[in-house]
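Trainee: Before I use a model, I want to know what stands behind each label put on it. Can we go through the labels one by one?

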Amino acid sequence: MASSPATLGRWNRIVVIVLGIFLVSWGGPAASAFWGSVSSGFGAAKADAVAQGAKPTTAVSGTSVTVTWTASTTAAGRPVTGYSIARYGSATGGTKVAATGTCGTSVVGLSCVESSVPAGTWYYTVTPTLSLWQGTESVRSTATTPVTDTTAPLAPLVTALQMIHQGNAANVPVSGTAEANSSVVLTVSGTGSAPITQTIITNSSGSWTATPVDVRVFTDGTINYSARATDAAGNTGAAGTASSNKDVSSPTVTGVQLTNGGLAGVVDKGDKVTLTFSEPLNANTICSAWNSSSTGTQTQSGNGSSQVVVNISSGSVLTVTGAGCQTLRIGSVALGGDYTSTVLTFAGNNAAGSILQWNPAAGARTLTITLGEGTAGTKTVPATLPLPTPTYTPASGLTDIASNPLVVTTVPGTPSRF
């Protein structure tokens, strides 16, 4: 007897259901196929399959491994709902170990991190899942070896300039040594601005050189450098430090004073010219025979090549020559009064000689010229007010300790006379 269309439809649905039950019971959650659609038409039942997972890539940071892969779909293009991650101790065969960390559950995204991975070499796989179904496990990743080094690198050695001045403040060199192939984070700090940081990778010998640092953003004073090294295992060590003194202010002349040491109002032996500065000068830029790093008083006097010669022109302008300095930078002092109509020379030997003395002490910062034996001037500058005002014109090339140049300009002093 012929069956009605309704009867045939019911039989079709029963066949589809039975076949679906068979596939699920046969494969369970791991079955690679499921029924994508069921309808009253016998040919409408369509099987779909979850594709094989994509081969993952890995990245190691210390004992942590980041696993990354591309998205999977079913054969029909449906997106999967998650991924399960596992690792093996060999490229083939071996025991499957479920990953932990953010890789330990069904991962929705396309990457995860397994922390505290045991020592050894591991091969990771990715298996896509869709509801109760899962695809085929991916091909194993390349060998992945977590770094189990837990020893922090030593503090880097930091080398920096002792003094920073106008000429180098925009490009201060900083370098040093640290653990080979480590990452060094350099922090430069001072007052007046936020710290400056750089990251430098050391070479195979452990040497590193920072990009020259512009410290003009910081005010004058101490500039501090701190460097920490992080090795390939992610261990960060203690900081290595160094410091510089920044001084970009030019020194100035703050005083020009004449002091009588013989006959009042007459230029003669014992008279003094005292030049005062805003900060200590580099003594070597005054007299090349003087020590630039000395903090004590330095003197030139004597005879022969050490003889200090004080010259006063017919126009009453004082200069100094000799003094045993291969290079001597003083300049000239216009005395401000009419002391002579002829050229005068004051030299003398030993105790009777002229003296050139630099005193860098905080309460002084003075360069003093004392006249030795010589022919006294024939003119007298009276003590009537106002007293003459001496003026000083420095020589070019004088600098402070930081190498900032003294501006060459004429400076008036205190009204005074010999």
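What follows is a run of short questions and answers on this predicted model.

Trainee: How do you know which stretch to read with caution?

Mentor: Start with the predictor's confidence. The mean pLDDT of the protein is 90, and 89% of its residues reach 70 or more. Residues 1–45 fall below 50. Beyond near neighbours in sequence, that stretch has 47 contacts in the model. Where pLDDT is low, the predicted coordinates should not be read in detail.

Trainee: What makes cysteine 103 and cysteine 112 a disulfide?

Mentor: The cut-off is 2.5 Å between the sulfur atoms. In this pair they are 1.9 Å apart, so the pair qualifies. The torsion about the S-S bond is about 100°, so this disulfide is right-handed.

Trainee: Why is cysteine 103 called buried?

Mentor: Buried means under 20% relative accessible area. Cysteine 103 has 1%, so the label holds. Cysteine 112 has 4% and is buried as well.

Trainee: How many disulfides does a search of the whole structure find?

Mentor: Two. The other one joins cysteine 287 to cysteine 325, with an S to S distance of 1.9 Å. That value is also within 2.5 Å, so the pair counts. With -95° about the S-S bond, this link is left-handed.

Trainee: What does the link of cysteine 287 and cysteine 325 tie together?

Mentor: Cysteine 287 lies in the loop between α2 (283–286) and β20 (298–300). Cysteine 325 lies in the loop between β22 and β23. The pair therefore ties together parts that are 38 residues apart in sequence. Cysteine 287 is buried at 0% relative accessible area. Cysteine 325 is at 10%, and so counts as buried under the 20% limit. Numbering the bonded cysteines in sequence order, the pairing is 1-2, 3-4.

Trainee: How do you know that β21 and β22 pair?

Mentor: At least two bridges are needed. Five join β21 (residues 308–312) to β22 (residues 317–322), so they pair. The two strands run antiparallel. Valine 309 has threonine 321 in β22 as its bridge partner. Four residues lie between the strands of this hairpin, and serine 316 takes a positive phi near 65°.

Trainee: Which other strands do β21 and β22 pair with?

Mentor: β21 pairs with β24 in the antiparallel sense, over three bridges. There, isoleucine 312 has leucine 344 as its bridge partner. β22 and β23 (residues 331–334) run antiparallel and are joined by two bridges. Two meets the minimum, so they count as paired. Leucine 318 has valine 333 in β23 as its bridge partner.

Trainee: What makes β24 and β28 edge strands?

Mentor: Six strands form an open antiparallel sheet in the order β24-β21-β22-β23-β27-β28. β24 and β28 (411–412) each have a single partner strand, so one side of each is left without a neighbour in the sheet.

Trainee: Which strands stand at the edges of the sheet with mixed pairing?

Mentor: That open sheet has five strands in the order β11-β17-β16-β13-β14. β11 (163–164) and β14 (196–201) are at its edges, because each has a single partner strand. Inside that order, seven bridges join β13 (residues 183–189) to β16 (residues 221–230), which run antiparallel. Leucine 186 stands opposite alanine 227 in β16.

Trainee: Which residues have the most contacts inside the largest nonpolar core?

Mentor: Phe277, Leu318 and Leu367, in a core of 36 residues. Elements that give two or more residues to this core include β21, β22 and β24. Leucine 318 touches, among others, Val273, Val310, Val333 and Ile369. A second, separate core of 20 residues includes Val158, Val174, Ile223 and Ala229.

Trainee: Is arginine 87 buried or exposed?

Mentor: Buried. Its relative accessibility is 6%, and the limit is 20%, so the label follows. Arginine 87 is in strand β5 (residues 82–88).

Trainee: What makes the link of arginine 87 and glutamate 114 a polar contact?

Mentor: The limit is 3.5 Å for a pair of N or O atoms. The side chains of arginine 87 and glutamate 114 are joined at 3.1 Å, so the distance fits. Arginine 87 also touches residues including Trp122, Tyr123 and Tyr124.

Terms used
Residues numbered from 1 in each chain as written. Predicted model: local features only at pLDDT ≥ 70, side-chain atom pairs only at ≥ 80, totals over all residues. Heavy atoms only, no water. pLDDT = per-residue confidence, 0-100. Contact = heavy atoms within 4.5 Å. Buried < 20%, exposed > 50% of the residue type's maximum accessible area, 1.4 Å probe, protein only. Core = buried A, V, L, I, M, F, W, Y, C linked by side-chain atoms within 4.5 Å. Polar contact = N/O pair within 3.5 Å; in protein donor to acceptor, adjacent residues only side chain to side chain. Lists of a residue's contacts leave out its neighbours within four places in sequence.
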